[in-house]
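These are my notebook entries on a set of look-ups in one structure. I set out to record charge pairing, the contact between chains and the packing of helices.

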Amino acid sequence: MDTSESPWEDDSPWGDNPKSIQDSEWSKISSDFQNAGYREGITAGKESHLQQGFDEGFAQTGAPLGREIGLLRGAASAILSLLTSKNPLPGLTSDSNRDALVQEARYINSELSEIRFSDVVPPDLEAIAHAREHLEAANEDDRSMDIELGEEVESKRKMESLEDAMAKMGAGSITAEVKKGRPKPDDVVRLRGRLTQLSEKLGVPLGLL
Amino acid sequence: MDFDLEELVNVEETFYNEGYKDGFAHGRIHGLIEGRALGREKGFEMWEELGFYEGFAATWKAIYDKRGIEDDRAINHIKHLQDLIAQFPKANPSASEPSELDIPKLFRQIRSRHKALCATLGVRVTYGMEPAAPPSASDDDPPVSLEPGKSGGKKKVWTLDNPSPSAGEKMSF
């Protein structure tokens, strides 16, 4: 144990000095004004940067990620609608072959439809780092604020797990799907692979994917 | 004790400004984080739907290419649809320059063009619905009529200039 410093603090030579009362009064005033400024500043700083954050999130993460999933779903839906239409491509004459392809297309469509934003969105590293700072600061600093990081996503996740629970209760037919847990970004890669294979069998190139 | 009032006011202001500066820097981080969470979600929502139409159209184009058909009503719809989607911003246009683009109108045009394409193809509109169409419905002869009441009408289009009108009320500092 390190005891070299504590004795000095315990009987501080300035402990009885009346000037310290003035000092503490003074520091109270100064911190009152600092705190008032801090509160105003934090509101102004936040409001003036919401838009910038929004634009970043939209352009850098949300739009490209959404488009990636959307393209896969659209292509998978087109392939399935082709396979189940009256006039699929020439060469797909064997009924048993076609049934297998339809089954595969259904599987891919249904798996893709499970994927939600909260399953594939990458973590906001800056938000995590900042939340950690808050936790550390909370131990020593009265100014610590409520941590509301990722609150949107978190509440959405809660809502969706509720939806999952309702789905389980409602539909007995999808019990096979239920035990797997939420899809992961890896599943997107896997499903893209299967969709690409399927479309190659049909001779339909998926240029966009 | 004598006070120079002027000086005291200055001192107060100095303390206030110090706090303001620190607070602003902290608020900036929170604004960016919260804004980013909203923007990610909104961008995903919009482009997931647009991407669906885009992927659907591109794949049917490839199918028509494979069949060797170049001139067809479906091809025409696909071209229009691809044109419309190309106009849709992948970044928030309010960020750079004020835009004349009517986003909700563009979205409506894209949706109805997609529905028209589905009708021409004789395919059910599946966006926002159960993915696997029951075989009985999809085996019908084309063109199958659409179900106009059920087509993704629940999605609300968000105005790009005003991402979170309520964000100011939710703050908890």
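Entry 1, salt bridges. I searched the whole structure, a predicted model, and found 15 salt bridges over all chains. I then looked at one pair, Glu54(B) with Arg67(A), whose closest N and O atoms are 2.7 Å apart. This pair crosses between chains: Glu54(B) lies in helix 1 of chain B, and Arg67(A) lies in helix 3 (residues 50-83) of chain A. I note as background that side chains of opposite charge can pair when their charged atoms come close.

Entry 2, the contact between chains. How many salt bridges are there between chain B and chain A? I counted six between chain B and chain A. The contact draws 71 residues from chain B and 78 residues from chain A. I recorded a buried area of about 6,800 Å² between the two chains, with 67% of it on carbon and sulfur atoms.

Entry 3, a helix pair across the chains. I examined helix 2 (residues 19-47) of chain A against helix 1 (residues 5-67) of chain B; their axes come within 5 Å and cross at roughly 35 degrees. The crossing is right-handed. By class, I listed 11 nonpolar, 11 polar and seven charged residues in this contact.

Entry 4, helix 1 and helix 4 of chain B. I found that the axes of these two helices come within 11 Å and cross at roughly 35 degrees, in a left-handed crossing. From helix 1 of chain B the contact residues include Phe52(B), Tyr53(B), Phe56(B) and Trp60(B); from helix 4 of chain B they include Phe107(B), Ile110(B), Leu117(B) and Cys118(B). I sorted the contact into 14 nonpolar, one polar and two charged residues.

Entry 5, helix 2 and helix 4 of chain B. I looked up helix 2 (residues 73-87) of chain B against helix 4 (residues 103-121) of chain B and obtained an angle of about 160 degrees, with the axes 9 Å apart. Angles over 145 degrees count as roughly antiparallel, and I therefore describe helix 2 and helix 4 of chain B as roughly antiparallel to each other. Their crossing is left-handed. Among the residues that make the contact are His77(B), Leu81(B) and Leu84(B) of helix 2 of chain B, and Ile110(B), His114(B) and Leu117(B) of helix 4 of chain B. The contact divides into 10 nonpolar, six polar and two charged residues.

Conventions: Residues numbered from 1 in each chain as written. Chains lettered and ligands numbered in written order. Predicted model: local features only at pLDDT ≥ 70, side-chain atom pairs only at ≥ 80, totals over all residues. Heavy atoms only, no water. Axes fitted to C-alpha atoms, helices over the stretch in contact; angles between N-to-C directions. Parallel < 35°, antiparallel > 145°, perpendicular 65-115°, else oblique. Left-handed = near helix turned anticlockwise from the far one by under 90°. Contact = heavy atoms within 4.5 Å. Nonpolar A, V, L, I, M, F, W, Y, C, P; charged D, E, K, R; others polar. Buried area = accessible area lost by both parts, 1.4 Å probe. Salt bridge = Lys/Arg side-chain N within 4 Å of Asp/Glu carboxyl O.
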